[in-house]
Amino acid sequence: MTWSTADIPAQDGRRVLVTGATSGIGLEAAKALAARGAHVLLGARDRGRGETARARVIAAAPAARVDVADLDVADLASVQRAAERIIDEHGRLDVLVNNAGVMATPRRRTADGFELQLGTNHFGHFALTGRLLPALEAAETPRVVTVSSGAHRMGRIDFDDLDAERRYRKWAAYGQSKLANLLFTFELQRRADAAGSSLESLACHPGFASTKLQGAGPRMAGQTWRAGLTESFTRLVGQSAAAGALPTLYAATDPRARGGDYIGPSGPGEMRGGPTLVGASAAARDVEVAARLWEVSETRTGVSFQFAAAGDRQRRG
């Protein structure tokens with residue numbers, strides 16, 4: 001598919017929250033959405049970096065309305081505060097882009113004791129989506145877009161050792177977290193459909209894009225030389241962050257996209273190219289595993305999804 005930011009429909013009057021919006025895919029998506037008229041909320045765990053990102057978005061789209069949302073998806077208390085603030089200050093949210101993530105990090109824990117990659121990439125976004133559900137359902141055509149990865153294919157949900165306490169392998173943990181993203185996406189759509197909600201849940205992946213994500217893990221391990229080498233390699237062979245953001249933007253805005261879609265690059269190996277529908281692994285389509293992961297996620301985060309009754313939605317509309 002030949003598709004670019006020029007194909008994004010006008011976003012005037014729409015409000016979008018992008019997590020992890022201070023660099024990479026998140027920042028590029030925010031810039032493109034703001035340029036098309038969206039009111040963009042930049043999810044940022046560091047206020048200084050958030051303000052820098054806001055300045056960059058406004059530089060690219062001077063007329064844009066852009067705000068920073070203090071949000072660390074690796075901290076459930078921060079997730080709750082951010083969601084409450086967004087609902088209180090804005091009321092309605094048209095699109096939530098669950099983009100923030102970490103990859104192949106050393107063994108670490110989140111503020112709540114979760115394995116860092118599963119806690120950041122999945123549990124944090126699960127909780128955020130659930131807490132923002134009232135704002136999303138206040139919108140006419142709400143969408144939740146969750147960024148996964150081709151690495152979901154090497155993932156397995158290890159319910160007996162979700163936090164890798166017995167054995168930690170950084171790439172296995174990453175694959176598990178990205179598989180969890182897809183299981184969540186598809187289960188959210190099933191539950192929205194069952195509740196009669198208009199919410200659409202989609203997933204995407206950027207292919208092989210040059211961002212700071214690749215070097216973050218080595219830097220956390222104190223391997224600055226490896227981080228530099230990795231980032232140089234991705235700049236050489238990967239597509240730009242702006243190109244990598246196209247599947248996210250398509251999933252978030254294009255009227256042809258539908259709930260349950262998984263969007264990725266159209267090129268060989270889904271490494272680069274314009275956005276298109278791509279396939280997910282059989283594990284990602286496992287309904288029983290998805291339901292079990294949902295229950296575990298509710299228990300661990302303390303967040304349950306309360307879809308509005310159809311009559312309540314009609315009265316709001």
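Which residue lies over the face of Phe186? In this predicted model, the residue is Arg285, placed at 3.9 Å from the ring centre of Phe186. This arrangement is taken up again below, after the chain as a whole and its aromatic pairs.

The chain contains 12 helices and 8 strands. Of its 317 residues, 56% are buried. The exposed surface of the chain amounts to about 13,300 Å², and 49% of that area is supplied by carbon and sulfur atoms. When contacts between residues at least 6 apart in sequence are considered, 76% of them join residues at least 24 apart. Confidence, expressed as pLDDT, averages 91 over the chain, with 88% of residues reaching 70 or more. The segment 313-317 is assigned pLDDT under 50 throughout, and the model gives this segment 9 contacts beyond four places in sequence.

A search of the whole structure returned 9 aromatic pairs. One of them joins Phe114 and Phe123 in a tilted geometry, with 4.8 Å between the ring centres and 45 degrees between the planes. Both partners fall in the buried class: Phe114 is counted as buried because its relative accessibility is 7%, under the 20% limit, and Phe123 is likewise buried, with a relative accessible area of 0%.

Trp171 and Tyr174 form an aromatic pair of the edge-to-face kind, with centres 5.9 Å apart and planes at 85 degrees. The two residues both belong to helix α6, which spans residues 170-195, and their spacing of 3 residues corresponds to about one turn of the helix. Trp171 has a relative accessibility of 41% and is therefore classed as partly exposed, since this value lies between the limits of 20% and 50%. Tyr174, by contrast, is buried, with a relative accessible area of 6%. Elsewhere, ring pairs connect Phe126, Phe184, Trp294 and Phe305 into a cluster.

Helix α6 also holds Glu187. Glu187 has a relative accessible area of 6% and is therefore buried, as this value is under 20%. The side chain of Glu187 makes a polar contact of 2.9 Å with the side chain of Arg190. With residues up to four places away in sequence left out, Glu187 touches Val287, Ala290, Ala291 and Trp294. Trp294 is also a member of the ring cluster, together with Phe126, Phe184 and Phe305.

Two arginine-ring arrangements were examined. In one, Arg285 lies over the face of Phe186, as stated at the outset. In the other, the charged end of Arg292 sits over the ring of Phe159, at 4.0 Å from the ring centre. Arg292 is part of helix α11, which covers residues 287-301. With 43% relative accessibility, Arg292 is classed as partly exposed because this value falls between 20% and 50%. In sequence, Arg292 and Phe159 are separated by 133 residues, while their C-alpha atoms are 9.0 Å apart in space.

How values were computed:
Residues are numbered from 1 along each chain as its sequence is written. This is a predicted model: local features need pLDDT of at least 70, side-chain atom pairs count only at pLDDT 80 or more; totals for chains, interfaces and linings use all residues. Side-chain values use heavy atoms; hydrogens and water are left out. Helices (H or I, at least four residues) and strands (E, at least two) are DSSP runs, numbered from the N terminus. Buried means under 20% relative accessible area, exposed over 50%, partly exposed in between (1.4 Å probe, protein chains only). Contact means heavy atoms within 4.5 Å. Accessible areas come from the Shrake-Rupley method with a 1.4 Å probe; for residues, only the protein chains shown count as cover. Rings of Phe, Tyr and Trp (its six-membered ring) pair if their centres lie within 6.5 Å; planes under 30 degrees apart count as stacked, over 60 as edge-to-face and the rest as tilted. A charge sits over a ring if NZ of Lys or CZ of Arg is within 6 Å of the ring centre and within 35 degrees of the ring normal. pLDDT is the predictor's confidence in each residue, from 0 to 100. A polar contact is a pair of N or O atoms within 3.5 Å; within protein, one must be able to donate a hydrogen and the other to accept it, and residues adjacent in sequence count only if both atoms are side-chain atoms.
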